[in-house]
Amino acid sequence: MRIKKMAILLMLPALLTGCWDNVDLADINIVTALGIDKAEDGKIIVTVQVVEPAALQSTSSGRGGLAQPKPVFVESYEGETIYDALISMKSIVDKRLFLSTTQVLILGERFCKDGINEALDFLHRDYQSEYLADVLVAKDVTPEQILKVQPDMDVIPAMYIKGTIENTAIRAKVKRTTLVNLFKDIKNKCRQVTIGQITKVNEKTVKTEGTAVFKNGKLVGWLDQYQTRGYLFATDKVKSTIVNIPVTDGKMSIEVSNSSGKLDVEFKNGEPANLFIQVRLEGIIGEYTGKKPLNSPEDIYKLEKILSQEVKKEIVMALNKAQKDYSSDIFGFGTVVYKYYPHYWKKVMDEWNDVFSKLPADIKVEAKIMRAGLIKSPMMKDE
């Protein structure tokens, strides 16, 4: 799979022959990842991760006995704007930067705190922007440090990072955001922006768990992996995940295979009075380490109640963060108000986040365990 991804990356420029802006593989630097940050003096720092086709070929062919060139290199440059930094970077790289192969875009924490509209303006204008690139915000680390990791699992770090995003998104522990969706979200006045989080574990490993929370285009805080999952449950973004629940004398892992989330806002006397979150989910027992056999419908019913409580707890944590700490409607309750109460929305849309942060919420979670597995009793020694 990784070899196929590399091949596709290398073929993309060749496929452009015949267009008005013909390119040759020998005349370009193939950018696989882009980082944007801000220095203390306010200048923009742009970082590129560039793949070396010749080095990739020698790596895949497994030639021994000779010193192998690095398959990628990373360079950074400061400028007054993103465009200025990229153009000025030509003074330290030997070829034109080809951005259409960008797989991931890493935004720095300092840059995001000052607002991401500048980055989006440049990327929206640039014809080379890859709209399906994954966007992440680096926490407690710079984009340059992230892009310089050298994973053992993939010769192209950008591919490794993208793979971790896909794996974590399947577990509903990160808010996956593509560039095209970010363009849409930033223009939506009814919902505040969220972007997935990335951190550095060591020189070979990154972790993509959690969510960056924005308000009016500026980074205001974070959700951890469990708050992120609660947020994703409420906003109907969970396709599958594993929820661990406590049971008597043991633990249990429930694989959620189906989930739906619905939001609503109750109005009284022309004013919003209450927020509603309703989540329905189905799951199966993936692992059970307790001692008690699961023989009756009553046993399953009790497990469903515990599962519902666990999911509700995560949703409450996410909502409390959004309301009390950040005053940012990342859930999109404003969309409900805009749709069903347009006259009120027109009057309050500029202050909606403040209104949202003060409203009480009613959260209901209904969990259904579809089957307990072929074995109803836990594995244990015969006594």
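## Helix 7: span and cover

Helix 7 covers residues 157-170, 14 residues in total. From its first C-alpha to its last it reaches 20 Å, close to the 20 Å expected at 1.5 Å a residue. These values come from a predicted model.

Helix 7 is mostly covered, with 10 of its 14 residues buried. The buried stretch starts with P157, A158, M159, Y160 and I161. K162, G163, T164 and I165 are buried too, and so is T168. After helix 7 comes A172, which has a positive phi, near 60 degrees.

## K162, a lysine in helix 7

One residue of helix 7 deserves a closer look: K162. Is K162 buried or exposed? Its relative accessibility is 11%, and buried means under 20%, so K162 counts as buried.

What does the side chain of K162 make a polar contact with? The partner is the side chain of D134, at 2.7 Å. Now leave aside the neighbours within four places in sequence. K162 is then in contact with Q103, V104, L132, D134 and R176. D134 therefore appears both in this contact list and as the polar partner of K162, where a contact means heavy atoms within 4.5 Å.

## Helix 10 and what follows

Helix 10 runs over residues 297-325 and has 29 residues. Its first and last C-alpha atoms are 41 Å apart, close to the 42 Å expected at 1.5 Å a residue. Just after helix 10, S327 takes a positive phi of about 50 degrees.

## Aromatic pairs

A pair of aromatic rings is described by two things: the distance of the centres and the angle of the planes. The structure holds eight aromatic pairs. One of them joins Y231 and F331. Their ring centres lie 5.5 Å apart and their planes stand at 85 degrees, so this pair is edge-to-face.

Where do the two residues sit? Y231 is in helix 9 (residues 225-234). F331 is in the loop between helix 10 and helix 11 (333-340). The two are 100 residues apart, so the pair links distant parts of the chain. Both Y231 and F331 are buried.

F331 also pairs with F333. Here the centres are 6.0 Å apart, the angle between the planes is 40 degrees, and the pair is tilted. F331 counts as buried because its relative accessibility is 1%. F333 counts as buried because its value is 0%.

Which residues form one aromatic cluster? They are Y231, F331, F333 and F356.

Notes:
Residues are numbered from 1 along each chain as its sequence is written. This is a predicted model: local features need pLDDT of at least 70, side-chain atom pairs count only at pLDDT 80 or more; totals for chains, interfaces and linings use all residues. Side-chain values use heavy atoms; hydrogens and water are left out. Helices (H or I, at least four residues) and strands (E, at least two) are DSSP runs, numbered from the N terminus. The expected span of a helix is 1.5 Å times one less than its number of residues. Buried means under 20% relative accessible area, exposed over 50%, partly exposed in between (1.4 Å probe, protein chains only). A polar contact is a pair of N or O atoms within 3.5 Å; within protein, one must be able to donate a hydrogen and the other to accept it, and residues adjacent in sequence count only if both atoms are side-chain atoms. Rings of Phe, Tyr and Trp (its six-membered ring) pair if their centres lie within 6.5 Å; planes under 30 degrees apart count as stacked, over 60 as edge-to-face and the rest as tilted.
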